[in-house]
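Trainee: I'm new to this one. Can you walk me through it?
Mentor: Sure. Take a look first, then ask away.

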Amino acid sequence: MNILIENAVTREFLASNGLWTKLSSQGASFPDTRAAQTAAKREPIGKFNIVGQFAGTEQFFNLDRGSGKGV
């Protein structure tokens with residue numbers, strides 16, 4: 001399972017290079033929701049979702065929600 005940060009407004013995923021991508025396969029995967037939550041709170045986004053994605057599928061499920069430091 002991949003754990004990703006999703007911008008709740010644009011539906012883009014945070015990539016490992018710090019940029020945003022529409023492709024979940026290019027998103028940075030985190031070891032657990034706590035690590036993803038910590039990283040997301042440092043990003044210049046408002047609302048975000050921590051989502052899980054089953055490997056090899058396009059199926060997502062919401063693990064957590066929160067707010068970053070904003071723009």
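Trainee: Which residues make up the largest nonpolar core?
Mentor: This is a predicted model. Its largest nonpolar core has eleven residues in all: Ile3, Ile5, Leu14, Ala28, Phe30, Ala36, Ala39, Ala40, Ile45, Phe48 and Ile50.

Trainee: Which elements each supply at least two residues of this core?
Mentor: Strand 1 (2–7), helix 1 (33–42) and strand 4 (47–53) each do. Helix 1 gives the largest share, three residues.

Trainee: Why would such residues sit together?
Mentor: There is a general tendency here. In soluble globular proteins, nonpolar side chains tend to be buried together.

Trainee: Pick a core residue. What does Ala39 touch?
Mentor: Ile5 and Phe30, if you leave out residues up to four places away in sequence. Both of those partners are on the core list too.

Trainee: Now Leu14. Where is that?
Mentor: Leu14 is in strand 2, residues 13–14.

Trainee: Is Leu14 buried or exposed?
Mentor: Buried. Its relative accessible area is 5%, so Leu14 falls under the 20% cut-off.

Trainee: What does Leu14 touch?
Mentor: Beyond four places in sequence, Leu14 touches Ile5, Leu19, Trp20, Gly27, Ala28 and Glu43. Ile5 and Ala28 are core members as well.

Trainee: How are Leu14 and Thr38 placed?
Mentor: They are 24 residues apart along the chain. Their C-alpha atoms are separated by 13 Å.

Trainee: Let's zoom out. How many helices and strands are there?
Mentor: One helix and five strands. From the N terminus on, the order is β-β-β-α-β-β.

Trainee: How compact is the protein for its length?
Mentor: As compact as a globular protein of that length, because its radius of gyration is 11 Å and the globule rule gives 11 Å for 71 residues. The C-alpha atoms fill a box of roughly 35 × 20 × 20 Å along the principal axes.

Trainee: What share of the residues counts as buried?
Mentor: 37% of the 71 residues.

Trainee: And the surface?
Mentor: About 4,400 Å² is exposed. Carbon and sulfur atoms supply 51% of that.

Trainee: What about contacts along the chain?
Mentor: Take contacts between residues at least 6 apart in sequence. Of these, 49% join residues at least 24 apart.

Trainee: How many positive and negative side chains are there?
Mentor: There are 8 positive and 6 negative ones. The centres of the two sets lie 7 Å apart.

Trainee: Back to single residues. Where does Ser24 lie?
Mentor: In the loop between strand 3 (20–21) and helix 1.

Trainee: Is Ser24 buried or exposed?
Mentor: Buried, at 10% relative accessibility. Leaving out residues up to four places away, Ser24 touches Leu4, Phe13, Gln53, Glu58 and Phe60.

Trainee: Gln53, okay. What about Asn2?
Mentor: Asn2 also has Gln53 as a contact. Its others beyond four places in sequence are Ser29, Val51 and Gly52. Asn2 lies in strand 1. At 30% relative accessibility, Asn2 counts as partly exposed.

Trainee: How are Asn2 and Thr38 separated?
Mentor: By 16 Å between C-alpha atoms, and by 36 residues along the chain.

Trainee: Which loop holds Arg11?
Mentor: The one between strand 1 and strand 2. Arg11 is partly exposed, with a relative accessible area of 46%. Check its backbone too: phi is near 60 degrees, a positive value in a residue other than glycine.

Trainee: And Ala8?
Mentor: Ala8 is found in the loop between strand 1 and strand 2. Ala8 is partly exposed, at 23% relative accessibility. Setting aside neighbours within four places, Ala8 contacts Lys47, Phe48 and Asn49. The C-alpha atoms of Ala8 and Ala28 are 16 Å apart, with their positions 20 residues apart along the chain.

Trainee: Last one, Arg65. Is it buried or exposed?
Mentor: Exposed, at 63% relative accessibility. Arg65 sits in strand 5, residues 60–67.

Trainee: What does Arg65 touch?
Mentor: Gln37, Phe48 and Asn49, not counting residues up to four places away. Phe48 and Asn49 are on Ala8's contact list as well.

Trainee: How are Arg65 and Glu6 placed?
Mentor: They are 59 residues apart along the chain, yet their C-alpha atoms are separated by 9.5 Å.

Notes: Residues numbered from 1 in each chain as written. Predicted model: local features only at pLDDT ≥ 70, side-chain atom pairs only at ≥ 80, totals over all residues. Heavy atoms only, no water. Core = buried A, V, L, I, M, F, W, Y, C linked by side-chain atoms within 4.5 Å. Buried < 20%, exposed > 50% of the residue type's maximum accessible area, 1.4 Å probe, protein only. Helix = DSSP H or I, 4+ residues; strand = E, 2+ residues; numbered from the N terminus. Contact = heavy atoms within 4.5 Å. Rg over C-alpha atoms; globule rule 2.2 N^0.38 Å. Areas by Shrake-Rupley, 256 points an atom, 1.4 Å probe, with all protein chains shown as cover. Lys, Arg positive; Asp, Glu negative; His and termini not counted. Charge placed at Lys NZ, Arg CZ, Asp CG, Glu CD.
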